[in-house]
Amino acid sequence: MGILNLSKLLSDIVPQAIKENELKTYFGRKVAIDASMCLYQFLIAVRSEGAQLTSADGETTSHLLGTFYRTIRLIESGLKPVYVFDGKPPEMKSGELGKRQEKRLEAQKALDKATEAGDAAEMDKFNRRLVKVTKHHNEEAKHLLTLMGVPYIDAPCEAEAQCAAMVKAGIVYATATEDMDALTFGSNILLRHLTFSEARKMPIHEIHLDKVLEGLKLSHEEFTDMCILLGCDYTDSIRGIGPKRAIELIQKHKSIENILDNLDKDKYPPPENWNYKGARELFMNPDIMNPEDIELKWAEPDEEAMVKYLCGDKNFSEERVRNGCKKLVKARSGTTQGRLDGFFTVLSSTPAKRKVDEKKNTPNKRGKTGGRGRGRAK
């Protein structure tokens with residue numbers, strides 16, 4: 001879920017914090033991508049080439065298809081993608097996960113009815129609601145990324161939190177995800193629609209946290225409390241308080257504690273045993289790997305290993321896989337665009353410093369890449 005209604009709220013109130021860009025805008029940028037969000041998008045994608053979506057034993061392969069071709073497109077455009085996978089969810093997320101399971105059970109019942117009635121449209125709708133990214137999907141995607149020479153990171157907990165920490169540390173430019181809580185975790189820059197913007201012919205939305213806070217006249221701590229009021233994955237929100245009321249309350253009272261002290265609890269009853277403090281702590285001090293312990297390395301793609309993995313049982317076309325490998329090699333060798341000789345340059349996320357970095361095309365000292373730690377960045 002991320003943060004309920006936050007995207008629309010920012011579009012309405014602080015549109016100056018959101019820029020619309022094309023993929024080519026991010027040439028030379030390192031971007032941390034929420035891997036689970038991408039795999040989910042690929043799993044629910046409708047494609048005409050249905051034979052490519054399942055393996056010989058009937059298992060779905062659309063997550064591999066999407067990862068393979070979309071990653072190639074990103075690299076061809078000059079981006080340096082780093083995929084970040086979720087770790088163990090925090091205990092406070094169990095309530096939200098339980099709700100999602102209930103919705104899946106309801107969707108399964110509705111799917112059974114639609115199947116019995118032969119309603120294809122309803123069957124498709126409820127099949128989508130049953131899509132879930134599994135550990136098996138993740139492991140297959142990681143193996144493919146390794147063969148492609150693209151780094152990935154296993155976050156200890158929430159991927160968005162790890163991405164945000166990497167942005168704040170200056171080792172990547174932005175977080176790419178559809179979940180708005182990347183801003184709550186403190187990502188200076190959030191990119192939405194990055195992994196499907198071209199396919200859907202829509203712009204990438206680049207959201208700047210500093211401009212959000214400036215426009216809302218809030219500190220990051222106050223913004224975090226506002227996000228909890230809007231509704232997050234870790235706890236319930238106050239019934240009856242919508243987005244406009246939430247921002248008015250936080251701008252006036254500055255914290256949830258002060259809001260509760262001045263709130264008409266008969267009209268707006270807070271959740272019983274409301275653990276907003278726990279949610280706040282998860283956002284402000286999430287379980288992450290120290291970005292300084294992460295080493296990001298891009299390697300040459302292993303064409304033969306990719307052909308062996310994707311073709312045969314996975315039902316990929318050998319010709320298309322080999323063509324994809326050639327595109328990866330070409331992008332890395334610097335023949336597709338003039339500035340790929342700086343492909344591994346780290347650019348600062350600080351605007352003034354970034355301008356100097358881009359002009360000189362030299363690595364920014366803030367973009368350190370330390371030891372591997374637990375990151376498994378390959």
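## Spaces inside the protein

A cavity is a set of grid points where a 1.4 Å probe fits but cannot get out. Rolling a probe the size of a water molecule over the atoms shows where empty space is left. In this predicted model, the structure holds five cavities of 30 Å³ or more.

The largest cavity has a volume of about 70 Å³. It is lined by 13 residues, and the closest to its centre are Ile-75, Met-148, Trp-298, Leu-328 and Arg-332. Two elements each give two or more residues to this lining: strand E3 (80–85) and helix H15 (318–333). Sorted by class, the lining has 10 nonpolar residues, one polar residue and two charged residues.

## The chain as a whole

Let's step back and look at the full chain. How many helices and strands are there in the protein chain? There are 16 helices and seven strands. Of the 378 residues in the chain, 52% are buried.

Next, consider contacts between residues at least 6 apart in sequence: 71% of these join residues at least 24 apart. As for the outside, the accessible surface comes to about 17,800 Å², and carbon and sulfur atoms account for 49% of that surface.

## Two helices and their cover

Helix H7 (residues 159–169) is a good one to find in the structure. Because 10 of its 11 residues are buried, H7 is largely enclosed by the rest of the structure. Among these buried residues are Glu-160, Gln-162, Cys-163, Met-166 and Val-167. Their cover includes strands E2 (30–34), E3, E4 (152–154), E5 (174–176) and E6 (189–192), along with helix H8. Strand E3 also appeared above, as one of the elements in the lining of the largest cavity.

Now turn to helix H13 (residues 276–284), where the buried residues are Tyr-276, Gly-278, Ala-279, Arg-280 and Phe-283. What covers them includes helix H8 (181–184), helix H10 (220–230) and helix H12 (256–262). So H8 is part of the cover for the buried residues of H13 and of H7.

## Backbone angles to look for

Most residues other than glycine have a negative phi. With that in mind, two residues are worth a look. His-193 has a positive phi near 75° and is not a glycine. His-193 lies in the loop between E6 and strand E7 (204–208). Is His-193 buried or exposed? His-193 counts as buried because its relative accessibility is 9%, and the cut-off for buried is under 20%.

Asn-315 is not a glycine either, yet its phi is positive, at about 70°. Asn-315 sits in the loop between helix H14 (303–310) and H15. With 34% relative accessibility, Asn-315 counts as partly exposed. A glycine can be added to the list: Gly-170, just after H7, has a positive phi of about 85°.

## Cysteines without partners

A disulfide is a covalent bond between the sulfur atoms of two cysteines. To be counted here, the two sulfur atoms must be within 2.5 Å. By this rule, the count is zero.

Why is Cys-227 not bonded to Cys-232? The sulfur of Cys-232 is the closest cysteine sulfur to that of Cys-227, but the distance is 8.4 Å, which is too far for a bond. Cys-227 counts as buried, with 0% relative accessibility. For Cys-311, the closest cysteine sulfur is in Cys-325, 9.0 Å away, so this pair is also too far apart for a bond. Cys-311 counts as buried at 11% relative accessibility.

Technical notes. Residues are numbered from 1 along each chain as its sequence is written. This is a predicted model: local features need pLDDT of at least 70, side-chain atom pairs count only at pLDDT 80 or more; totals for chains, interfaces and linings use all residues. Side-chain values use heavy atoms; hydrogens and water are left out. On a 1 Å grid over the protein atoms alone, a cavity is a set of points where a 1.4 Å probe fits but cannot get out, and a pocket is an open set with protein on both sides within 12 Å along at least five of seven lines; lining residues have an atom within 4 Å of a point. Grid points are joined across faces, edges and corners, and a volume is the space filled by probe spheres set on the points. Helices (H or I, at least four residues) and strands (E, at least two) are DSSP runs, numbered from the N terminus. Ala, Val, Leu, Ile, Met, Phe, Trp, Tyr, Cys and Pro count as nonpolar, Asp, Glu, Lys and Arg as charged, and the others, Gly among them, as polar. Buried means under 20% relative accessible area, exposed over 50%, partly exposed in between (1.4 Å probe, protein chains only). Contact means heavy atoms within 4.5 Å. Accessible areas come from the Shrake-Rupley method with a 1.4 Å probe; for residues, only the protein chains shown count as cover.
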